[in-house]
Amino acid sequence: MKRGINGFEPDRLVQVLAARRLSQVQLATMVGVSPSTVSKWRSGQQSPESETLERLASVVNVTPEWFTRPVVSKTTPPLFRSNASAHVAARGMLEARLEWVQEIALSLGEFVDFPVVNIPARCFVDPADITSADIETAAQECRDAWRLGSGPIPDVALALENAGVILAREETGVAQIEGLSAWSELLVRPLVLLAADKGNGFRSRFDAAHELGHLVLHKHIPKATAPERHKEMERQAHRFAGAFLLPAQSFAAEIRMPVTLDSLLLLKQRWGVSVAAMIMRLEALGIIGDGEKLMLFKRRSARWGAKAEPGDDGRPPEQPRLLKRTIDLLMGAGVMPREGLSRHLGLSNRDIEALSGLPHKFLDGSAEVVELARLKETPLREGAGSGELSASVLNFTRQRKQF
Amino acid sequence: MSAKSSKSIQKLLINSIPRELVLAVEEALEAAAKIAYESTVMSHPGHFANELGSTRYFRTNEAFFEVLAAHGASPTPLKGNELVVGQVGGFKIARFNVRVGPWYNARRSRRRMALVQGNEYIAELVQGSLFESQQQVATGIAFFVAEFGEGADPRPLDILIAVPAPGMKNWLYCESISKFLQGYNEPSQQDDLATPVLKASVKTRKDNEGGMS
């Protein structure tokens, strides 16, 4: 017989396990119940008691009431910008985080209208049908539709948000996955989550353009299970990113032959694209052959190593602004108070801040200096004012896994 | 010369000379240098440098003439050692080859020196009202300069576009073609549309409530 509170949504448990990258056993230990109990909650055979729900919500840092909210419709299967070694749990975590982005946008979307979606439509159902020419045309179509001209794009994140994309960028702790994207059927708009872990503005622009490639080219393609198919879709999104950031005509005209790493370094700052990505683009355009590409990569590794390039700090990572502006607007208009946001969304302040691009602790209140509770009242000096004294009690919690 | 005036001259050139024409001249000068090298490489070592120099001159002139003609830039006829000069917008365009180092050779041609006097207008702009006057049509002459190394090279080390001051003792503008071309593709002025708008129903409700929810 089913016990516990009414309305507990097992899918929420599944989602939070993924979002926090916890196993059932880990969660059970943290909550102080047996793994089989968590298993029963998960399968819907049982619901937690009110007190246990409080504990459960506390350890995963959501509101207890959040567990009673039905999970909104899923997005289209997300496409990940990742290498093959990315762990299944890491993918699950990011997928759940992307669902939260969708939920935040949905909740805020009750009060505001977001920019109109303006993404060129393609109807490919099989990656094998997509040619290089299709990709180049699609990338150019984006530039034309968004009036970006044929030169460097000042801000790729802004270009995406201008086109109606809900963009989030947060540190994920997963080095192998640089981003993911999906279409939200409820919002009827695309979602992109970029990993901020590498802190590299050049790579981040390419990641955003790569996700745009997936959104344009692969919207109607079922989730790839075969590795070759996934690899091909990744290659196509890469090609799209190159074509979008470095249009053939204008980029090629600025290339001096023979191509050297130093000449590309100068162009890196202008175009906001890494030398490595430019080498790949030159090969895609047939300006250099496979041999020259290998030689350039060999020299690049010998001079700079495999992971960094000179001038990587020349461009700060672009930041999303739409969700942050929405929250600012709602607060400014008095529609939603700062302290009401977490309650409204059911998520913790930290999660909302990370996914909405808000500064750390923005939602905790305006006070930068936390006053400790007074243990002994001291008499006010005469004429020192009669305003109310505010004080916060800081709880010192046990050192556990924190979210 | 300040970066601002350099940028302004670049803008004048870009407004007058189509990008396609610049790319075509670059290609033509490269190709002519290669043809000249290949046709003289077997010359007697005692003649080689002279033969290469004069062959380069003629082949480059021919290639330059063809490009100007193909782009409707009304080139002056090919005739002996005479300079080929084209016209695009308010600008005359011509060419010369130099060795890397100071461009003393550039002042050797009387015709070139005469043409350069036409750049008084640009020089005045640089020194004076700095392109603020929009009434006058920009006129002047710009040169495509193929710069060769000390040895016998099959291709120029660099191809530049240069606007000399009258007297040709200094240069109002001088930039590699590859860098100059960037001016045709400046980053666009990006609109910022990433702005949410309060729904009309929410606005009305707030107005009626006259306070926070």
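## Working through the A–B interface and beyond

Let's start with one pair. Asp113(A) makes a salt bridge to Lys199(B), with 2.9 Å between the closest N and O atoms. Keep in mind that this is a predicted model.

**Exercise 1. Find out how many residues of chain B and chain A are in contact, and what area is buried between them.**

Solution. Step one is the head count: 28 residues of chain B are in contact with 38 residues of chain A. Step two is the area, since the size of an interface is often given as the accessible area lost when the parts come together. Here about 2800 Å² is buried between chain B and chain A, and carbon and sulfur atoms give 50% of that.

**Exercise 2. Work out which polar links cross the interface, and which elements of chain B take part in that side.**

Solution. Begin with charge: the count between chain B and chain A is 4 salt bridges. The Asp113(A)–Lys199(B) pair fits the cut-off, because a salt bridge needs its nitrogen within 4 Å of a carboxyl oxygen and the closest N and O atoms here are 2.9 Å apart. Next, look at polar contacts: 18 residue pairs turn up across the interface of chain B and chain A, both residues at pLDDT 80 or more. Now go to the elements: α2 (19-40), α6 (177-182), β6 (197-198) and α7 (200-209) of chain B each supply at least two residues to the side that touches chain A. Sorted by class, that side of chain B has 11 nonpolar, 8 polar and 9 charged residues.

**Exercise 3. Say in which sense β2 of chain A and β6(B) pair, and name the bridge partner of Val112(A).**

Solution. Take strand β2 of chain A, residues 112-113: β2 and β6(B) pair in the antiparallel sense over 2 bridges. Then pick out Val112(A), whose bridge partner in β6(B) is Leu198(B).

**Exercise 4. Trace what Glu26(B) touches within chain B.**

Solution. First place the residue: Glu26(B) sits in helix α2 of chain B. Leaving aside residues up to four places away in sequence, Glu26(B) touches Ile159(B), Ile177(B) and Leu181(B). Also check Leu160(B): 134 residues along the chain from Glu26(B), with 8.9 Å between the two C-alpha atoms.

**Exercise 5. Describe how chain A is divided, then find a salt bridge linking distant parts of the chain.**

Solution. Chain A splits into domain 1 (1-71) and domain 2 (119-183 + 197-314), and their centres, taken over C-alpha atoms, are 41 Å apart. For the salt bridge, try Arg239(A) and Glu136(A), with closest N and O atoms 2.9 Å apart. Arg239(A) is in helix α9 (residues 227-245) and Glu136(A) in helix α6 (residues 132-145) of chain A, 103 residues apart. Over all chains, the structure holds 34 salt bridges.

Notes. Residues are numbered from 1 along each chain as its sequence is written. Chains are lettered from A and ligands numbered from 1 in the order in which they are written. This is a predicted model: local features need pLDDT of at least 70, side-chain atom pairs count only at pLDDT 80 or more; totals for chains, interfaces and linings use all residues. Side-chain values use heavy atoms; hydrogens and water are left out. Contact means heavy atoms within 4.5 Å. Buried area is the accessible area (1.4 Å probe) that two parts lose on being put together, summed over both. A salt bridge is a side-chain nitrogen of Lys or Arg within 4 Å of a carboxyl oxygen of Asp or Glu. A polar contact is a pair of N or O atoms within 3.5 Å; within protein, one must be able to donate a hydrogen and the other to accept it, and residues adjacent in sequence count only if both atoms are side-chain atoms. Helices (H or I, at least four residues) and strands (E, at least two) are DSSP runs, numbered from the N terminus. Ala, Val, Leu, Ile, Met, Phe, Trp, Tyr, Cys and Pro count as nonpolar, Asp, Glu, Lys and Arg as charged, and the others, Gly among them, as polar. Two strands pair if DSSP finds at least two bridges between them. Domain bounds come from an automatic or database domain assignment.
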